[in-house]
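Ready for some practice in reading a protein model? Work through the exercises below with the structure open beside you, and try each task before reading its solution.

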Amino acid sequence: MSNEEVNIAKSVLHNMSDDQVKAAKAFFDRFSEYKKYVKLKSTYIDGTRIALGNTGNGKIYSSYRIDGTVTGRISNSGANIERGRNGKIGVSFHTLPRENLDVNIRDYVVAPKGHDFITIDMKAMELRVLAHVANERNMIKAFSSGVDLHSYSAGLTFKKDPKDVTKLERQIAKEVSFLTVYGGTAFTLAAKRNIPEQRAEEIINSWLKAFPGVSRYMDNVQEYIEQFKYAKTIFGRRRNLPNIDSPFKGVRREAFRQGLNFTIQSAASDILLCGMLGVIEKLKGMEAKVVATVHDSIELIAPKAETRRVVELVKDELENYHYMRENFNIELKVPLGVDVEVGTSFGNGVEYHL
Amino acid sequence: MLTVEGKKFDWKNIPLNFCVEGNAKDTYGTARVYHKLLQELEERKLGKLYDKLIAPLTMAFRDMEYEGLLIDEDKLEELGIQLDDRIEKAERALRDAADLDDEINLNSTKDLIRIIFSLEKKDKEKEYTVVEDFGLGLYPFHFTKKGAPSTNEETLVKVGQLVGDEYTSRGLKDE
């Protein structure tokens, strides 16, 4: 839909009765729920059946691109042997929603007999990167002391003891932190939480006050982009942002948002990728191997006898980032943490403690 | 089709001196590009990023692409059944909320236009007419090339969002 069409839609909706809006909302909520499941079935069940039919060996294959996104994040899709859906030999787990999914689709990706499927998830990567690049003391303190960041920030935002923070308050604080990273507005929060826009704005301002380093960082990034016309990450990656000179305010704001987001997302992705390279180096000579990376996680398969050793190695490499230290000379102001799950499939892992 | 002196392209039809010259130019060009790109990488201080991250990653991903992921086909079928069940329940909830009987096909463009925009076009008629007392009566904001109200995913997701925004800004609550 064009901007013009969106504006027409807005004014038409504005003139509808409350009952009409309610009926439309009820319809679209349920319609999107219905479509969500239809799409999951088609992408993952039907898609995997087609892929298995093409490969004939019980496996599916992915295709990774290191130049597939402007931020330098990895993109992934099912590999193809011919053009079109029927030529697929894989599906992309990058598009599988992470939250609110009551059907554990990943469960059908398994380790061979006698092997474990190990999933290593980097904890709150983007916010840790934000704390580092913004040199935000309260956030660094929270990460260093190991308290739950979102309860802590909810405490600061809603001005109460982190112990007394409700589940909803924690969730809202979490959403606000991501709005900051991704450049959302008070309206985004209001719509999501169904609260008045003014209240959403108060919450966001209160959150920003709790972490003053973040606002300072945002100002610095803006100045940098205005001066150099690009944003740069701690790894030296650049994203050109010529739109920062646009005569249109909205376009300039979007360029800034993209730049800010880039400095965080791209660095978070590169930290994980460095970790993955370090892990691969360390696994040389072992049977265990990295089989996938999906967003902030690394997936491995290891013979059961190797699992413990593999988890030790991987945890050490990812938490102490040897590869990144040695090759990029980056020392982070926050500790990195990982969640390790071990099971027989991508979906059935349980928390694993050494 | 590329021809050399009127002959169909085939390496064996190409005189050796042509091949030598062509390949030499190819190599020379590649070397020039290599030095130019290398210089650009260094100018932007991206040499290290390339050597220590990008280049080793291509090898790492090559290995992962080659390895593939093993699938448990029984589990796949079981998950398919679970999803069918969710689809059925979600469809029931949708039909109940919007008061749609089983005659309505949720995958038919014609029926979606009736439900969302309260419009229909009878066979052989050119224009859409309003269906009284049926559907949401939304204005069709976006049209297909043929002029029909668009019901593609992108449009419906956007319209759904706009409806949600309007609902929020009015401060409406579900009863």
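**Exercise 1. Find the buried residues of helix α6 of chain A, then say what covers them.**

Solution. Start with the list: the buried residues of α6(A) are E169(A), R170(A), I172(A), A173(A), E175(A), V176(A), S177(A) and T180(A). Here a residue is buried if 20 or more other C-beta atoms lie within 10 Å of its own, exposed if 12 or fewer, and partly exposed in between, with C-beta atoms placed from the backbone. Helices (H or I, at least four residues) and strands (E, at least two) are DSSP runs, numbered from the N terminus.

Next, look at the cover, which includes α3 (125–134), α5 (149–157), α7 (186–193), α8 (197–210) and α9 (212–228) of chain A.

Before going on, a word on the model: it is predicted, so local features need pLDDT of at least 70 and side-chain atom pairs count only at pLDDT 80 or more, while totals for chains, interfaces and linings use all residues. Residues are numbered from 1 along each chain as its sequence is written, and chains are lettered from A and ligands numbered from 1 in the order in which they are written.

**Exercise 2. Compare the span of α6(A) with the expected one.**

Solution. First, count: α6(A) covers residues 167–182, which makes 16 residues. The expected span is 1.5 Å times one less than the number of residues, here 22 Å. The first and last C-alpha of α6(A) are 23 Å apart, close to that value. Just after the helix comes G183(A), with a positive phi near 80°.

**Exercise 3. Which side chains of strand β2 of chain A are buried, and how does β2(A) pair?**

Solution. Side chains alternate along β2(A) (residues 62–65): S62(A) and Y64(A) are buried and point to one face, whereas S63(A) and R65(A) point to the other and are not buried. Now find the partner: β2(A) runs antiparallel to β3(A) (residues 75–78), joined by four bridges. (Two strands pair if DSSP finds at least two bridges between them.) Within β3(A), G78(A) is the bridge partner of S62(A).

**Exercise 4. Describe how chain A meets chain B.**

Solution. Begin with the contacts: 67 residues of chain A touch 57 residues of chain B, a contact being two C-beta atoms, placed from the backbone, within 7 Å. Helix α2 (residues 18–55) of chain A gives the largest share of chain A's side, 22 residues. Finally, check the strands: β4(A) (residues 109–110) and β3(B) (residues 69–71) pair in the antiparallel sense over two bridges, and V110(A) stands opposite L70(B).
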